[in-house]
Amino acid sequence: MTVTLADVAARARVSPATVSRVLNGNYPVAASTRERVLRAVDDLDYVLNGPASSLAAATSDLVGILVNDIADPFFGIMAGAAQTQIGGPGDGSGRAGGEKLAVICNTGGSPERELTYLTLLQRQRAAAVVLTGGAVEYPEHQAAMAAKLAKMADAGTRIVFCGRPPLPEGDALVAALAFDNRGGGRRLTEHLISLGHRRIGYVAGPPERTTTRHRLEGHREALRGAGLGDTESGDEERLTVHGPYDRRSGYEATLEILRRDPAVTAVVAANDTVALGACAAVRDQGLRIPQDISVAGFDDLPFSVDAVPALTTVRLPLFEAGARAGRLAMGKENPPPGGIATIAAELMIRGSTAPPRVG
């Protein structure tokens, strides 16, 4: 049953005109009244018709692209690639044809902000939504996401995941393009083990994110496969430090790993930005890369090859994945079988990893 503006007014105990003023923001309303109206909107999941749609089932020319941090190249590359397929070059006349307006929504990694943006896009009856990067694994957030995306899909919005796995529950997706983070993490650590490294530190991302868990699981699978994953001694946890996906985290976590175990000969970073911080920490300790300590990253961001020495890392086809997500969002490409595609990760061996070879 469709929730109407009158329903919201009744729930909030105000007039329909007051509800309209709160939602349109064009007239001063007391803070307590505004809060009551917004709470009623949330409780009833009321969807305000966007200005471009006159029919309840219509969608607009808007496509939302959700990113954690647009300043992070990982997200910027995917978002930019998706936009090339959504906005399109047009016909050169400046007139819009089949293109859509792509809007980048920067969540800052906040689960609450992610849901807020989805609600705003729902109210605008967005034609499609592309959600990039790893997902937060809090059960209550996953349930809220599944419910919200299902309602959007029922209203005609195409839902595409790019760089994240599908939700445990919920079948509202057009497609999920998931990177093989686990396999990439395993191959990276296997490479270090093949060089003779036995004491390997790991700088992980935030523990609640799927990307963090999958990359760390791959790392530990490689350790255990080589007989180095001593869970009883606690070495896996002791040589793992979690933090944000930024340079500062890489720097501080690497210093902590070296404090915990000065015998560490290699550090694996959650991504290339974190790896830059790890490299700086190693040098500030008077150590050389890779002669004393090897450092490896993940993602193969554009700057990784220009680091000194160039970073050994795992390449994810970010631009290709983003462009494919954009085509799926626009209905230009058929979804993969079952709606889910796993995108391979490629090991890129460079100068930041080598010693120590023993025996």
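Two strands pair if DSSP finds at least two bridges between them, strands being DSSP runs (E, at least two residues) and helices likewise (H or I, at least four), both numbered from the N terminus. This is a predicted model, in which local features need pLDDT of at least 70 and side-chain atom pairs count only at pLDDT 80 or more, while totals for chains, interfaces and linings use all residues. Residues are numbered from 1 along each chain as its sequence is written, and side-chain values use heavy atoms, with hydrogens and water left out.

**Exercise 1.** Determine in which sense β1 and β3 pair, and place both strands in their sheet.

Solution. Begin with the pair itself: β1 (residues 62-67) and β3 (residues 128-132) run in the parallel sense and share four bridges, and the bridge partner of Leu66 in β3 is Leu131. Then widen the view to the open sheet, whose six strands follow the order β2-β1-β3-β4-β5-β11 with parallel pairing. Finally, inspect the edges, where β2 (101-106) and β11 (340-343) each have a single partner strand, so one side of each is left without a neighbour in the sheet.

**Exercise 2.** Characterise the aromatic pair of Phe74 and Phe179, and state which elements the pair ties together.

Solution. Rings of Phe, Tyr and Trp (its six-membered ring) pair if their centres lie within 6.5 Å, with planes under 30 degrees apart counted as stacked, over 60 as edge-to-face and the rest as tilted. Phe74 and Phe179 are edge-to-face, at 6.4 Å centre to centre and 70° between the planes. Phe74 belongs to helix α4 (residues 73-86) and Phe179 to strand β5 (residues 175-179), so the pair ties together parts 105 residues apart in sequence.
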